[in-house]
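Got the viewer open and a selection box handy? Here is a short tour, one stop at a time.

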Amino acid sequence: MNVTVAAGQYTTATISTAGFALGLALLGAELWRWHKGGKGGGGPKGKGDDGGGAAKDPKALIPLGFGLVCGILMIACPAGLLGTLAGFLRWGGNSVGDLAMKWLTGTPSQTLGTAATPRIDGYGAIVVTAIAVTLWVLRKTIGKAVRGKWWKGVLIGCLLCISTGTAALIAQQVVEGANGLGAWAIGGIAKGTIV
């Protein structure tokens, strides 16, 4: 299936090489913790000391993965609170990454490209709104460690979502999935028609 998308259908914001490097570092650190089974890096029977579960347990990646998806969907929001928060997270990631890059290498960061995804449409907005409201309502019932992994995933999703390469392919699938799910919900659940 070939899709031609006009430039106005994308949301954009500049991402620097330092912000991208910070996103990669955070993703690598979380995947290493997952691989080793938590902060402790092992312990009895593969258990870490942060309650992260056994090493390589796929369930332990759910909060991080869901955070990544939420970060990508936030970038896909053209405006509003979520779009503004995504812009703030990118700005903070670029700034912290640039500071670290200058201190560590003596080289300032360069503009890598734009953090861009296809824009969510009216149907995708239904899905994003439902997710945001659900997370807000359940925020007190979700454990602190899970919330921390989710927030790291959101930041990583905002920093690694750029307009080219593998990141663009993943972002396109996430946003098109949200748009399609919203269209299905309106057609199937609200109107009673199955397409």
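Start with Lys 102. Select its side chain and check the surface around it: Lys 102 is partly exposed, with a relative accessible area of 41%. Now add Asp 98, because the two form a salt bridge, their closest N and O atoms being 3.3 Å apart. Is Asp 98 buried or partly exposed? At 17% relative accessibility, Asp 98 counts as buried. Lys 102 and Asp 98 are 4 residues apart in helix 3, so about one helical turn separates them.

Before moving on, keep in mind that this is a predicted model.

**Zoom out**

Show the whole chain as a cartoon. You should find 6 helices and 4 strands. Trace the chain from the N terminus and the elements come in the order β-β-α-α-α-β-β-α-α-α. The chain has 195 residues, and 33% of them count as buried.

**The salt bridges around Glu 30**

How many salt bridges does a search of the whole structure find? The search turns up 3. You have already seen the one between Lys 102 and Asp 98, so head for Glu 30 next.

Select Glu 30 together with Arg 33. Their side chains meet in a salt bridge, 2.9 Å from N to O. Both residues belong to helix 1 (residues 17–36), where they sit 3 residues apart, about one turn of the helix. Color them by accessibility and you get a contrast: Glu 30 counts as buried at 6% relative accessibility, while Arg 33 counts as partly exposed at 30%.

Keep Glu 30 selected and add Lys 152. These two also form a salt bridge, with the closest N and O atoms 2.9 Å apart. This pair links distant parts of the chain, with Lys 152 in helix 5, Glu 30 in helix 1 and their positions 122 residues apart. Lys 152 itself is partly exposed, with a relative accessible area of 31%. Show Glu 30, Arg 33 and Lys 152 as sticks and you have a network of salt bridges on screen.

**Into the core**

Hide the surface and select Ile 72, Leu 73, Ile 120, Val 154, Cys 158 and Val 175. These are the residues with the most contacts inside the largest nonpolar core, which has 20 residues. Which helices each supply at least two residues of this core? They are helix 2 (62–76), helix 3 (80–105), helix 4, helix 5 and helix 6 (165–190). Helix 2 gives the most, with 6 residues. As background, nonpolar side chains tend to be buried together in soluble globular proteins.

**A buried glycine**

Now pick Gly 124, which you will find in helix 4. Gly 124 is buried, with a relative accessible area of 0%. Add Cys 77 and draw a distance between the two C-alpha atoms: the pair is 9.4 Å apart in space and 47 residues apart in sequence.

**Last stop: a charged patch**

Bring the surface back and select Arg 139, Lys 140, Lys 144 and Arg 147. Together these form a positive surface patch. Look closely at Arg 139, placed in the loop between helix 4 (122–138) and helix 5 (144–160). Is Arg 139 buried or partly exposed? Arg 139 is partly exposed, at a relative accessible area of 31%.

Key: Residues numbered from 1 in each chain as written. Predicted model: local features only at pLDDT ≥ 70, side-chain atom pairs only at ≥ 80, totals over all residues. Heavy atoms only, no water. Patch = residues over 30% accessible without salt bridge, like charges linked within 9 Å, V, L, I, M, F, W, Y side chains within 5 Å. Areas by Shrake-Rupley, 256 points an atom, 1.4 Å probe, with all protein chains shown as cover. Salt bridge = Lys/Arg side-chain N within 4 Å of Asp/Glu carboxyl O. Lys, Arg positive; Asp, Glu negative; His and termini not counted. Charge placed at Lys NZ, Arg CZ, Asp CG, Glu CD. Buried < 20%, exposed > 50% of the residue type's maximum accessible area, 1.4 Å probe, protein only. Core = buried A, V, L, I, M, F, W, Y, C linked by side-chain atoms within 4.5 Å.
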